[in-house]
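Here is a short tour of a few local features worth finding in the model. Open the structure alongside the text and follow each stop in turn.

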Amino acid sequence: MATETATETAAETATETAAETATGTGRRSGLGESVPRPDGTLKVTGEFAYSSDLWLEGMLWGATLRSPHPSAWIRSIDVGPALAMPGVFAVLTHEDVPGEKFYGLELRDQPVLAVDQVRYQGEPVAIVAADHPETARRAAAAIVVRYEEREAVTDPRRAAFDPSCPAVHPGGNLVRHQPVRVGGTFAAEVVVTGEYEVGMQDQAFLGPESGLAVPAEDGGVDLFVATQWLHVDQGQVAPCLGLPKEKVRLALAGVGGAFGAREDLSMQVHASMLALRTGRPVKMVYGREESFFGHVHRHPARMRYEHGATADGRLVYVKAEILLDGGAYCSSTPAVVGNAASLGVGPYEVGNVWIDAYGVYTNNPPCGAMRGFGAVQACYAYESQMDRLAAACGLSPVEIRMRNAVSQGSRLATGQVIDSPAPLADMLAELATMPLPAGPSAGGGPDLRLLPGGVAQTTHGEGVRRGVGYGVGIKNICFSEGFDDYSTARVRVELAGDEPHVLVHTAAAEVGQGLVTVQAQIARTELGIARVTVAPADTAVGSAGSSSASRQSYVTGGAVKTACEAVRARLDALRAAHPELSLEEGLKRFGPVEETREYRHRPTFPMDPVTGQGNSHTQLALCVHRAVVDVDVELGLVKVVELAAVQDVGKILNPLALDGQIHGGSAQGLGLALMEEIQVRDGRVLNPSFTDYLIPTILDMPPMRLSVLENADPHAPYGLRGAGEPPTLSSTPAVAAAVRAATGLDLPRVPIRPEDIALTPAPA
């Protein structure tokens, strides 16, 4: 069977050769080096095979019919017109689901195909397989569905607190309420309050949902898919197909970005159902508009905060209400609520805390994981509050943060002690001493490319004001609250020709973060063997967990390290027993050496449901940002002039890849601050395209100054800290604070729109 899959391409390019190692340039080496990514050149040249490039002889194309309504009863479905079209091989509804009709990450509340009702615009109702993608799309459009619209629940506050509000699900609209209660003193010399909003951000990955399902001779299915978590996909897909797990085999196809949105299922069950029904391979690829309906988004948030402090700016108490709109289905809302609650006061020492964090169902688009995962929303609010508190106490934004900064030995609001380095005050001090960029008119007249509006010539400098702002964020790394968080690695040393060769096999998803490179670096470091191949990720090896929560370097890195250590121990024993043999001779005589190991971080525990207390996190990471912006206060246009960041990563594994993570996280935080929002009105998405949903381009991203610290975490492999998410937290409030500084406006909501600046009267 002829096939070229993205996983095969990735496997070929993950091989590192001894010749490349011997160049003496530092390439193809171990930890601490900027080892080039094996997929980098292919992605830059357009040769990399993504999941949307999958192809098999004789395959069919799948398409999905989705609901146009955010809330409605389904009264009838007529698939006859679609089945009558030439080239259509199957049309399936919920009645054709062979196994369980519901799935979900944390709660199985989401139907494979809508059963008797739809709960959000874009919910899948029927699926089609045809011999051409356009035929499949036309057939899906020909299906006749009779809906009875009903009131849509779109206000999360009403969903949470109004007893007369309709229930989106039979159990009500509350997904999780997590309180945090510490102390009892809620009076202070200086009190500042604020209400804040965070809009619905999209992960906006460039590679839309796609994959290929191939029916197998044993009655099962082989699924090649872009995902973040192969085994949790398998655990949801198999029951829906009515198959045992071993008959649902998943392999990772080329992933064009993820950022949390690929944790949930999209087309996996649908393509598999169509393949099993038709007996033919079925490929599904979403278009851009469908992608906006086909995955979860960042939870929009409404937050009320009150900070009390002494006259000299020492925090006395924090009170907060954090309301997260989870949309129509649960997804990872409970975990997002837990993060928002546990990190809701930020990296600050405060003895009295009263937090209530809620996640609710509505008929808005489903929301789930996105880079930062609940901590982003809270960070924007508590950092905005710290700026208000600084002004009220007559202190600088840096000084107020330094006076209240956590350090090693501090307690979080949950009572958890920070038991590894947390040099936040030092990080802030370093950030504050970094040089500021020159003004726009330095060296002569203004360069229009550097002004708000750019070469559109909206301004020549008149009406432009500069602002500087700061942001601090704290993010949990790895899964929390007692989740059995582990990864599995299989490492094999064998001869390839006359040379020793290492094969590393995990199910960890490479979603663009450089994990394939890091696994090879670890193996090369631990075993001292130059030639390393990282096998394609699939379910033929034990679970590696999700590529999320900044956890893969920690957990899968730990698994690869542990498996390599076990292999090395056996090789050392072989050398001790046969000192006359070289490694090559030993492998030739006694055969390959292979070990499989699981790695778990130290245990975590659920938050107490009443007080929120508990050691719920395994590791915490800090990042601080300074943003410099120029704002045209008359037109509301913003130009981010520079971002500076200081981040503690524990141990640098790959400097260049790390810089990329910090730049990328900062870009997404900038996007949330100034431009990225899914516009939802009455439950309907108004801008499902990259024409109308704006993301930062290279012209929007400023130069960055980075300082990366290495204060090792003694509990983590190599002392590392996950690095991908923290920059997303602190960049958003830093940019927003800089815009406030330039305009003098309150600006309590992100993204900040031009009309928020230009049409809001400046304070007297």
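## A small open sheet

Let's start with a single residue pair: Ala-72 has Val-118, in strand E6, as its bridge partner. Please keep in mind that this is a predicted model. The strand that runs through residues 72-78 is E2, and its pairing with E6 is antiparallel, with 2 bridges.

Stepping back, these strands belong to an open sheet of 3 strands, ordered E6-E2-E8 and paired in the antiparallel sense. At the edges are strand E6, covering 117-118, and strand E8, covering 144-149, each of which pairs on one side only.

## The second largest cavity

Rolling a probe the size of a water molecule over the atoms shows where empty space is left. In this model, the count is 6 cavities of 30 Å³ or more. The second largest of them is a good one to visit, with a volume of about 230 Å³.

Which residues lie nearest the centre of the second largest cavity? They are Tyr-103, Gln-110, Tyr-120, Leu-265 and Gly-294, out of a lining of 20 residues. Three elements each give at least two residues to this lining: strand E5 (110-111), helix H8 (268-278) and helix H9 (288-294). Sorted by class, the lining of the second largest cavity holds 11 nonpolar, 6 polar and 3 charged residues.

## Two positive phi angles

Now for some backbone geometry. Phe-259 is not a glycine, yet its phi is positive, at about 60°. You will find Phe-259 in the loop between strand E13 (248-252) and H8. Is Phe-259 buried or exposed? The answer falls in between: its relative accessibility is 32%, so Phe-259 counts as partly exposed.

Gln-457 is also a residue other than glycine with a positive phi, near 60°. Its setting is the loop between helix H13 (424-433) and strand E18 (464-477). Gln-457 has a relative accessible area of 48%, and because the partly exposed class runs from 20% to 50%, Gln-457 is partly exposed.

## A cis peptide bond

The last stop is further along the chain numbering. Where does the model place a cis peptide bond? The bond joins Val-750 and Pro-751, and its omega is about 0°. Pro-751 itself sits in a loop, with strand E28 (749-750) on one side and helix H19 (754-758) on the other.

Terms used: Residues numbered from 1 in each chain as written. Predicted model: local features only at pLDDT ≥ 70, side-chain atom pairs only at ≥ 80, totals over all residues. Heavy atoms only, no water. Pairing = 2+ DSSP bridges. Helix = DSSP H or I, 4+ residues; strand = E, 2+ residues; numbered from the N terminus. 1 Å grid on protein atoms, 1.4 Å probe; cavity = no way out; pocket = protein on both sides within 12 Å on 5 of 7 lines; lining within 4 Å. Points joined across faces, edges and corners; volume = space filled by probe spheres on them. Nonpolar A, V, L, I, M, F, W, Y, C, P; charged D, E, K, R; others polar. Buried < 20%, exposed > 50% of the residue type's maximum accessible area, 1.4 Å probe, protein only.
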